[in-house]
Amino acid sequence: MTSTAAIATAQPNNQPVPNRSDSQPSTNGRLLHQGWPGLIEAYRRYLPVTDSTPVVTLHEGNTPLIPVPAVSDRIGKGVKVFVKYDGLNPTGSFKDRGMTMAVTKAKEEGAEAVICASTGNTSAAAAAFAKRGRMKAFVVIPDGYVAMGKLAQALMYGAEVLAIKGNFDRALAMVREISDKYPVKLVNSVNPYRLQGQKTGAFEVVDALGDAPDWLCIPVGNAGNITAYWMGFCEYHQEGRCGKLPRMMGFQAAGSAPMVAGHPIENPETIATAIRIGNPASYDKAIAVREASQGAFNSVTDEEILDAYKILAGEEGVFCEPASAASVAGLLKVKDEVPANAKIVCVLTGNGLKDPQTAIDSSSNANYHQGLEADLETVAKVMGF
Ligand code: F0G
């Protein structure tokens, strides 16, 4: 039996497929490329599916956990910081984890169409997975406040894109009503299958680290993901797969920080449009997570978000979108509270390519040499030779 076959036969036993970092080294590259079946197959026994469930997958999940010494060094004290780079999912964000489950269950229930409100990433994931499941997708987005890459995705995946003159909170209220009245399945994170899928992010962190981290830093918008991660850590802990539970540290943009304020924010604003949300649907659940994990909610300014965004890309080669950088910005903001030798995971929820405009706007022109004459002498001179 080849080692590739050994991986494949692990699934019928309902054992999780090993995370990338646990896998045996491969001499021909085949093992790692063939070993990951998507997160429903990998974590089947932790998820509400049966043998007859029609799994809709883009082989999402199994994203890398990357050490980021540029962040660790800014904290010192022997602290080790890793990023869970969920921007490497098939549609470029963690939403794929929830959407494979939500669309799979919608398909199982016989739905022909799905609907969501979105700041962009949910709409991209819903559109892609709906296509994959041969369903129609309707996405309701705040007109003018969705990053270009996300809009491009929803259009390319063939969703009906309904851009409203209102923010995400209004869009969510609308799709809740529409899905009550018409035959379309709601796939926002108020759909419990979304959180079931997203809890696998926590499983992968534990599978890669060998235990839960001391802290889990995560950006918070509608507050579904922090709730899902906590559920994942608790389930693994109950099974003895990790010996401890992390403190859950949620970070919001200062202009959109209802979890910090303790009440909804009527007109949320931030450059991190993914988390421009004033009235989180999972507000109560997220408060319960804070209590149970002895965690905290804090806010970070747009400037702090952009600083962390640049540290990650410019010093570590990890390009995430601004909302994702809120997790690292927040960690750096509260670094004095970090215990010595702690292991910390920051979730990077979305890919930097989602929002090319913010990337270009926040880059310095110092290393961008435009309009050069196409001769060697000119180019070599600019290169410093
Ligand atoms: N990071 C990114 C990149 C997001 O797109 C979102 C949410 C969050 C963090 C916050 O996660 O809502 O579970 O607390 N985006 C949703 C969307 C709202 O429509 O794409 P949360």
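**Exercise 1.** Which atom of asparagine 225 lies 2.8 Å from an oxygen atom of the ligand?

*Solution.* Before we start: this is a predicted model, where local features need pLDDT of at least 70, side-chain atom pairs count only at pLDDT 80 or more, and totals for chains, interfaces and linings use all residues. Numbering runs from 1 along each chain as its sequence is written, and side-chain values use heavy atoms, with hydrogens and water left out.

Step 1: for asparagine 225, the atom is a backbone N or O.

Step 2: threonine 119 also puts a backbone N or O atom 2.8 Å from a ligand oxygen.

Step 3: threonine 349 brings in a polar side-chain atom, 2.7 Å from a nitrogen atom of the ligand.

**Exercise 2.** Work out how the shell around the ligand is made up.

*Solution.* Step 1: there are 19 residues around the ligand (a heavy atom within 4 Å), and Ser118, Thr119, Asn222, Ala223 and Thr349 come nearest.

Step 2: sort the shell and you get seven nonpolar, 10 polar (Gly goes here) and two charged residues.

**Exercise 3.** Find what arginine 45 pairs with, and say why the pair links distant stretches of sequence.

*Solution.* Step 1: look for salt bridges (a side-chain nitrogen of Lys or Arg within 4 Å of a carboxyl oxygen of Asp or Glu); the count is 17.

Step 2: arginine 45 bridges to glutamate 239, with the closest N and O atoms 3.5 Å apart.

Step 3: arginine 45 sits in the loop between α3 (39-42) and β1 (65-67) and glutamate 239 in the one between α11 and β8 (247-253), so the pair ties together parts 194 residues apart in sequence.

Conventions:
A polar contact is a pair of N or O atoms within 3.5 Å; within protein, one must be able to donate a hydrogen and the other to accept it, and residues adjacent in sequence count only if both atoms are side-chain atoms. Helices (H or I, at least four residues) and strands (E, at least two) are DSSP runs, numbered from the N terminus.
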